[in-house]
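Hi everyone, thanks for coming along. I'd like to walk you through a few spots in this model, so please keep the structure open while I talk.

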Amino acid sequence: MSLTLLCLLAQTFYHLPSSQEEGAVHFPLGCQKVEEEMGWQQSLQESDASKVRTIYLNEPLRNSFCKNFISTAKYSIWSFLPRYLYLQFSKAANAFFLFITILQQIPDVSPTGKYTTLLPLVIILMVSGIKEIVEDYKRHMADKLVNTKTVIVLRENTWKTIMWKEVNVGDIVKASNGQFLPADMVLISSSEPQVTCYVATSNLDGETNLKIRQALSETAEMQTEKQLSSLSGKIECEGPNRHFNTFVGTLYLNDKSPVPIGPDQVLLRGTQLKNTQWILGIVVYTGFETKFMQNSIKLPLKRSNVEKVTNVQILVLFLLLLAMSLVSCVGAILWNEWYGEGIWYIRMKEYISHSLGFDLLVFIILYHNLIPISLLVTLEIVKYIQAMFINWDEDMHYRGNDVYAMARTSNLNEELGQVKYLFSDKTGTLTCNIMTFKKCTIAGIIYGNQSEKSDTDIRKLSLSPSVITESCEFNDPRLLYNFENGHPTKDYIKEFLTLLCVCHTVVPERDGNNIIYQASSPDEAALVKGMKNLGFVFTARTPTSVTIEVMGENFTFEILNILEFSSNRKRMSVIVRTPTGNLRLYCKGADTVIYERLSEDSRFMKETLTHLEYFAKEGLRTLCVAYADLSEEEYQQWLTQYRKASTVIKDRMQSLEECYENIEKKFLLLGATAIEDRLQARVPETITTLLKANIRIWVLTGDKQETAINIAYSCKLISAHMFRIQLNLNSLEATQQAITRHCEALGTQLSKENDLALIIDGETLKYVLHSEIKRSFLNLALSCRAVLCCRLSPLQKAEIVDLVKKHVGAITLAIGDGANDVGMIQMAHVGVGISGNEGMLATNNSDYAIAQFSYLEKLLLVHGAWNHFRVTKCILYCFYKNVVLYIIELWFAFVNGFSGQIIFEHWCISLYNVLFTSLPPFSLGIFEQCCSQKSLLAYPQLYKISQAGNTFNTKVFWFQCLNALIHSFILFWMPMKMLEHDMVLQGGYTTDYLFLGNFIYTYVVVTVCLKAGLETQSWNKFSHIAIWGSIIIWLVFFAIYSFVWPTIPIAPEMAGQVKMVLVCPYFWLGFFIVPIVCLTLNLIWKSIRNTCKRTLLEEVREMESSRAQRFHPTIFRKRVEAKKVQMFLATPPHEIVLQSESFDQSIPRGYAFSQVEQAVITQEELIRSYNTTKSKQDEVTMDSSHSRQK
C-alpha cells in the first residue's frame, strides 16, 4: 500500500509528459531498458561507428532515430518503484528488517508481535521515498531547463521556434550568434564570408580559442526558405561515436555529384556559436547519440565511505545476532534438560517441545533490534537537513547572479569531509575564461604595475567572474605620458602599439559608434582591445589592408603577407607596407623563438628578459614583440621563394615554414606583453588552504600545456621552487622508459609526497593508461604534490579519476563547469559542478553545485568536516543505544530459562527508537560542531581528522559497542540485584517481571540521553530539548500508558504500573545511581584521553572556550599554533635533490597564443575575405560571387 502511495506521489511530483508529447521516453518495465533509455548505459562501442547512417533531406518520416531529449535524473514514473526498492533493499539493514518482518508473520514465532517491525519499516520507506522524489524532482526541473530551450527549425516550408527536445535528425536548424547548438549537425550555410563560422568548444575540450568551420560550396547559397525546402537528397555518414575530431560522411544532392563531408563541416552539441550572425545546419545526431553524450559514462550509484563501513558492521552485527541466538538456543536446551522436569506446573497441556530451528527464529526476532531500524530514516532526515544548510549558506551565495550553493544529493554529505584527491578543470573553473591585457614592457621599461588595486578594490571587482570592466585592464598613465611628452622611448612605444594593432587576425565590426572585435584567439582580442584603450584603435580591415586610428588620425597599412601561427613556429608575422611606403615585418611570439632571431643591434634584451621572468612568476601569459625593416630587393627575392613553396604538392606546410624562416630574422626587440587569464576570486588562497588541509590537487584540462602551466603558477598550485616532470611522448616504449627513469630517480621517495609537479599531455596519457605501465605512472603521480594533465578528452578525464579511485583507496572529488567535465564529475566519489558560463550540464550531473571555485573551501573544510562528525556521531550513537537496550534481553534470558520471554512491553520496545530516544540522534546529526567555522577555516589542518576517518572506523565502532555492552550489563544487573528479594507494595501487591522491566527501561532512557550529552561538544537549545525532553517524554508516556487499558484494548499488563513504580523508593535510588555508575567510566576515559593525547582539535576547542579567551588568550593561541606546526611536520612534503636532466626547475615563460591551427581555411584566406568598410550583406554577396567564379 505504501509503495503504491509512493508511486502515485512520484507521478504527481514529476508531472512528466506522455511519451507522445515527449517524443523520447518510452520506458518498458525492465530495469536494464530503463537505464539504457535514461543514459545510464555505457557509450556505444568503437565498432558502432562503422554502422552507416542515412539521413534523408526534407523527408522527416524516413528519418527514425534517437530523440533529442536528455535526462540526468535517477528515476522516471515507470522506473521509480523497481529502482527505488532495489536501492533501499541493497542496504543491509533494510534487507534484514524485511527478513524479520516476514518472520514475524509466521504464527506463534514472534515474541514481539506481528507489526512491531513492519510499521517502522513502512515509515522508513515512505520518508526515504519522499526525500528521493523531492531530490529527483529537482533534477527533472534542471533537465527541463535544457530540454525546453528554444531553437529555430524549418518545418512545413517555414521557420518555426521549437524546444530542443523536439529537434529531430534531418531537421534544418537556424542558430544565431551566442546560441548553444542543440544537436550535432552539418553546416550548410552561414552569414560570414567563405561560408565560415566560429564556434567555442570549451564546453567540450576546454580550449579557449575559437574553432573555424566552413560549409560546402555546394550548399553555400542555400539560405532562403524556398531554397532550403527544395533541398533534395541524402546524407550518408558513420554511426554515432565519441570521437570529437573525426567525422566521415557524404552528401548526395539530386542531379549532382557526391560531396565528401568531414569534421570541418560538423557543429557539435554543446558548442557555442561566436562571431557569426547566423548559421544553417542539418541535424545528423540527436540526444544520447550526439558525440558529447557518447563521451558520457555510466551513471554510478554513489554511496559514501561511511555508509559502506556501516553496512559491513551491520553484517558483522547480524553474525553476532546469530551467535547470540544460537547461544540462547543451546541455553534453552540445557536449561530444559536440567530443570525441565521440575517446571511441569507452568506448562500447558498441549505443550510441544519446539525444534532448534523454531527456537532459533524466536531468538532472532527477539534480538533483531540490536540492529537499529531507525538508523536509516534518521540518517535520511539528518542528511536532508544538512543539505538544506548547504543550500542556505549565505557565504556560498554568489550575488553576481543570485545563485546559492545547491546540494543535488544528500547521500554524500559526510564524504565531503574525507576528500583526499581533488580533480579540477581549468577553463571556467579556476579561470573566468576571459583574457585581459595586464602589463607590458617597452624598451626596457615595465608598465602596468600602477594598475594594481587594493585588496578592497580587488574584492569588489571579483564579485563576478564573467564581467570585466575597462578599469580591470591595463591602466598605467605613465605609458601615454611618455609617448605624448617626448620621452626617449617615444618611438619604441609608438612602434610597439602600432605592431599590436596591425599584426593579428582580428576582424572589427561596427555596431553604431562602437567597434566589436571578432577573433578566434581571445589573446589577440585582448591585445587589440588594450591598444584601443591606449588610443591606438584598429578600425577597419579589407582584403589587402588594415586601418588604425592613432590619436584621431587614420593610418592605413597594406597587408602583403601573413606568416601564420603554428605550435611549431610559436609565432606569427605580417609583412606590411607602412603609410610612408616602407616595407616592415612585424612579429609576435614566444620569447624563445623571438630571442634566437634578434639582430646584434637589438637593445633592451636583458631588461626585457628580467621582466618576462617577473611576468611568468605572476602566472601571466607573455608574448615578445619585434620588427624588422625589409628592402624591396630582399622582399622580392623572398616573395619568389614563397610563391614556389605555396605551390608545392608534398609537405607544403613544412616548405612554407622553412620559407618563413628565411625572412624572420634580424629582429629588433620592442618589448613584451603580459596577458592575464583572469582567475576566479580567491582561487590562489583557496588552493593554498586546501593544500594545507592535505588535499592533493590535480588539474585536468583540455587546453594547451603552456596555458595550463601558466594558470598553475598564477593560482599557486605550482611554486617557483618546485621541480617539474614533463611527459610529452609519442610512443608506448618511450613513455615506459621515461616513467621508469623518473621512478628510479625518486628512489625511496617513490609514492611519498614530494615537492614535485607532474605535467603530462593527452597523447602521452593514451600510452600511460596501458595496463603495463599504468601502475608505475600512478606511483610517479602519487609522488608529486601537484599533477597537471593537458589536452585531455572528456573520457580521459574520467579515466584518470577512475585510476586513482580504484587503486589508491582515497576519497576523490571532481569539479568542473563544462560538458567535458561531466564524465569525471560522475566518476569521482563526489562531483561538484560550477554554475558557470558553459551551460548547465556539469551542474545537472553533479552531486553539489556552487557558483565559484573558492566556495569549495567552506564546502569541504566547514560543511564537510561538520557533516562527517555529525553523521558518524549519529551512527555510533544509534548503535550504542540499541545495543544497550536489546542486549538486556540476553541478560534476561539467563534469568527466564531462555524461554524467549521479553522483559519490556512490546510496544515500548517498538517506540524506543521511534519516540523516546529519537531526538538525541537528530541533535547530534544536525547541530553538533567539532569547533567553530572560524577555527576550521583558520586551521585547515583540522580537516585531516575527518579525512583520515579517525572518528569512524571498525575500531571506533566496536569500542562503542563494547561500551554499550558494559552499560547494558550494569543497567540490568544493578536493578536486578536491588529487587532480587522482591518487595511488597501498598495494599499487599507483589511485583512481576514487568515491574523490573519498567525500572530498567527508565534507567536505559535516562542513561542513553545523558550519554548523548556527554558526546555533545557544542551545546545549544536543541541539545537541551533533545536530551531532557526525551526523558520527560518517556515519563509522561509511561504515566499515560499505564491508564490506557481497558479504554483502549492494548497492553493490559501495563495497567497500574506507574503507580507501583513511582512510589517505590528503590526506583528513585536507582534513577540517580545507575546512570551515574554507567557514565562515570566514560567521563574518566574522556578526561584521560583529552589530557594525555591532546590533538589540535582539543587545543582549538580550549582556545575557543570563553574562559580560556578571557584569561589567557595569547597563551592558548601560541599553543594552538605550535600544535598546528607539529601536525604539519608530521607529514611534510619531502625535499628532493635530483638530476637536472630528469627534473626541470626553471620557470617556463609560456606564450599567450591560443590561435586556431590546421583549420579548413587558413587564417590568411579567412581575414582576406573580410571587407569591414562595406555592409555585411554586400560583403557576403561579393564573397558568394567570388566562390561561384572559383
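Helix H12 (374-392), helix H29 (856-893), helix H35 (993-1015) and helix H36 (1021-1041) are among the elements that cover the buried residues of H31. H31 itself spans residues 919-927, and 7 of its 9 residues are buried, so we can call it mostly covered by the usual cut-off of under 20% relative accessible area. The buried ones are Pro920, Pro921, Phe922, Ser923, Leu924, Gly925 and Ile926. Please remember throughout that this is a predicted model.

Let me step back for the overall picture. The protein holds 43 helices and 33 strands. Of its 1190 residues, 58% are buried. If you take the contacts between residues at least 6 apart in sequence, 77% of them join residues at least 24 apart.

From one covered element to another: strand S27, residues 696-700. Here 5 of the 5 residues are buried. Arg696, Trp698 and Leu700 point one way from the strand, while Ile697 and Val699 point the other way. Yes, that does include an arginine: Arg696 is buried along with the rest.

Which strands does S27 pair with? One of them is strand S15 (residues 419-424), in the parallel sense and over 4 bridges. S30 is another, again parallel and over 4 bridges. If you want one residue to click on, try Trp698. Trp698 is the bridge partner of Phe423, and in S30 the bridge partner of Trp698 is Val787. As a reminder, strands of a sheet pair through backbone hydrogen bonds, either parallel or antiparallel.

For the antiparallel kind, have a look at an open sheet of 3 strands, with the order S7-S6-S12. Its edge strands are S7 (210-214) and S12 (272-274), each pairing on one side only. The twist averages 40° from one strand to the next. Strand S6, residues 196-200, is joined to S7 by 5 bridges, and one pair to look for is Ala200 with its bridge partner Leu210 in S7.

Now for the empty space. How many cavities of 30 Å³ or more does the structure hold? There are 9, and the largest has a volume of about 380 Å³. That largest cavity is lined by 26 residues, and those nearest its centre are Lys91, Arg303, Glu307, Glu380 and Asn411. By class, its lining has 12 nonpolar, 5 polar and 9 charged residues.

Where does the lining come from? Helix H4 (80-89), helix H5 (92-104), helix H10 (305-339) and H12 each supply at least two residues of it. H10 gives the most, with 5 residues. You met H12 a moment ago, as part of what covers the buried residues of H31.

Next, two backbone oddities. Most residues other than glycine have a negative phi, and most peptide bonds are trans. Ala443, though not a glycine, has a positive phi of about 55°. Arg791 is not a glycine either, and its phi is also positive, at about 55°.

Where do these two sit? Ala443 is in the loop between strand S16 (431-442) and strand S17 (445-447). Arg791 is in the loop between strand S30 (784-790) and helix H26 (794-808); S30 is the strand we saw pairing with S27.

And are they buried or exposed? Ala443 has a relative accessible area of 6%, and because buried means under 20%, Ala443 counts as buried. Arg791 comes out at 40% relative accessibility, and since partly exposed covers the range between 20% and 50%, Arg791 is partly exposed.

My last stop is Thr246, in the loop between strand S8 (233-237) and strand S9 (249-253). With a relative accessible area of 38%, Thr246 is partly exposed. Which residues does Thr246 touch, leaving aside its neighbours within four places in sequence? Glu238, Asn241, Pro263 and Lys291. Val266 is 20 residues away from Thr246 along the chain, and their C-alpha atoms are separated by 9.3 Å.

That's my tour. I'm happy to take your questions.

Key. Residues numbered from 1 in each chain as written. Predicted model: local features only at pLDDT ≥ 70, side-chain atom pairs only at ≥ 80, totals over all residues. Heavy atoms only, no water. Pairing = 2+ DSSP bridges. Axes fitted to C-alpha atoms, helices over the stretch in contact; angles between N-to-C directions. Buried < 20%, exposed > 50% of the residue type's maximum accessible area, 1.4 Å probe, protein only. Contact = heavy atoms within 4.5 Å. 1 Å grid on protein atoms, 1.4 Å probe; cavity = no way out; pocket = protein on both sides within 12 Å on 5 of 7 lines; lining within 4 Å. Points joined across faces, edges and corners; volume = space filled by probe spheres on them. Nonpolar A, V, L, I, M, F, W, Y, C, P; charged D, E, K, R; others polar.
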